[in-house]
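Subject: Structure handover

Dear colleague,

I am passing on a structure for you to look through, and below it you will find my notes on what turned up. Please keep the sequence and the 3D view open while you read.

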Amino acid sequence: YTNSIKQEFENILSQLKAGHIPEKKVDEMTVEIVDLLIKYAYRVEASDIHIEPREAIVLVRFRIDGVMHDMIEIPNVISEYLTTRIKILAKLRTDEHHAAQDGKFRMEINDDRIDVRVSIVPVTTGENVVMRVLSSTSKSFSLNSLGFSDHDLQIVQQNALAPNGMILVSGPTGSGKTTTI
């Protein structure tokens, strides 16, 4: 399924790169691109989608397991359309381009409710968009499946059984703090 989403991206991007497209068609493509971005992020279990306008392109990056991955490059001509579409979904002001805005929206993907928190910040090349993708279905993990080394796992297990004390869990956004807890 992930490959078919990637193929849909390729098709849309090749049309955009090919030349002039009527504005109505660009609007339709923008809706498709935003939907595909969220579906693709959900499929690869990304916690965040970063849409970063650059001089010539718009770079889309996903945070997966706390690590940022460059995913696709979109022609810069569609940057404003993408931001506007996301603002509409998040019920933000589409005419505000010089102040940060935060919002949220909800989407359904295969009977799973996806909450998307949106943060938009103006930058010199346009507006940076960060979308936090939160699934309503919680996944259950065992302590053994979280990726601790044997030594660290033993320390956590011993301290969890202690009658008093504290275990601190810290790290950058999207690194797995909540999952670990």
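The second largest pocket has a volume of about 220 Å³, and please bear in mind throughout that this is a predicted model. Of the 12 residues that line this pocket, Val156, Ile167, Val169, Thr180 and Ile181 are the closest to its centre. When the residues of the lining are sorted by character, nine are nonpolar, three are polar and none is charged.

Next comes the sheet. It is helpful to recall that strands of a sheet pair through backbone hydrogen bonds, either parallel or antiparallel. Here six strands form an open sheet in the order 3-2-1-6-5-4, and their pairing is antiparallel. Strand 3 (67–75) and strand 4 (101–109) are the edge strands, each of them pairing on one side only. From one strand to the next, the twist averages 20°. Helix 3 (residues 79–89) packs on this sheet, where it touches strand 1 (48–53), strand 2 (57–64), strand 3, strand 4, strand 5 and strand 6, and the direction of the helix makes about 45° with that of strand 6.

Two of the pairings can be followed residue by residue. Strand 5 (residues 112–123) and strand 6 (residues 126–135) pair in the antiparallel sense over 10 bridges, and a hairpin of two residues joins strand 5 to strand 6. Within this pairing, Pro122 stands opposite Glu127 in strand 6, while Ile120 has Val129 of strand 6 as its bridge partner. Strand 6 also pairs with strand 1, again in the antiparallel sense, over four bridges, and in that case Asp48 stands opposite Arg132 in strand 6.

Finally, there are the aromatic rings. A pair of aromatic rings is described by the distance of the centres and the angle of the planes. The count for this model comes to one aromatic pair. The rings of Tyr40 and Phe62 have centres 5.7 Å apart and planes at 55°, and because planes under 30 degrees apart would count as stacked and those over 60 as edge-to-face, this pair is tilted. The pair links distant parts of the chain, with Tyr40 in helix 2 (residues 23–43) and Phe62 in strand 2, 22 residues apart.

With best wishes

Key
Residues numbered from 1 in each chain as written. Predicted model: local features only at pLDDT ≥ 70, side-chain atom pairs only at ≥ 80, totals over all residues. Heavy atoms only, no water. 1 Å grid on protein atoms, 1.4 Å probe; cavity = no way out; pocket = protein on both sides within 12 Å on 5 of 7 lines; lining within 4 Å. Points joined across faces, edges and corners; volume = space filled by probe spheres on them. Nonpolar A, V, L, I, M, F, W, Y, C, P; charged D, E, K, R; others polar. Pairing = 2+ DSSP bridges. Axes fitted to C-alpha atoms, helices over the stretch in contact; angles between N-to-C directions. Contact = heavy atoms within 4.5 Å. Phe/Tyr/Trp six-rings, centres within 6.5 Å; stacked < 30°, edge-to-face > 60°.
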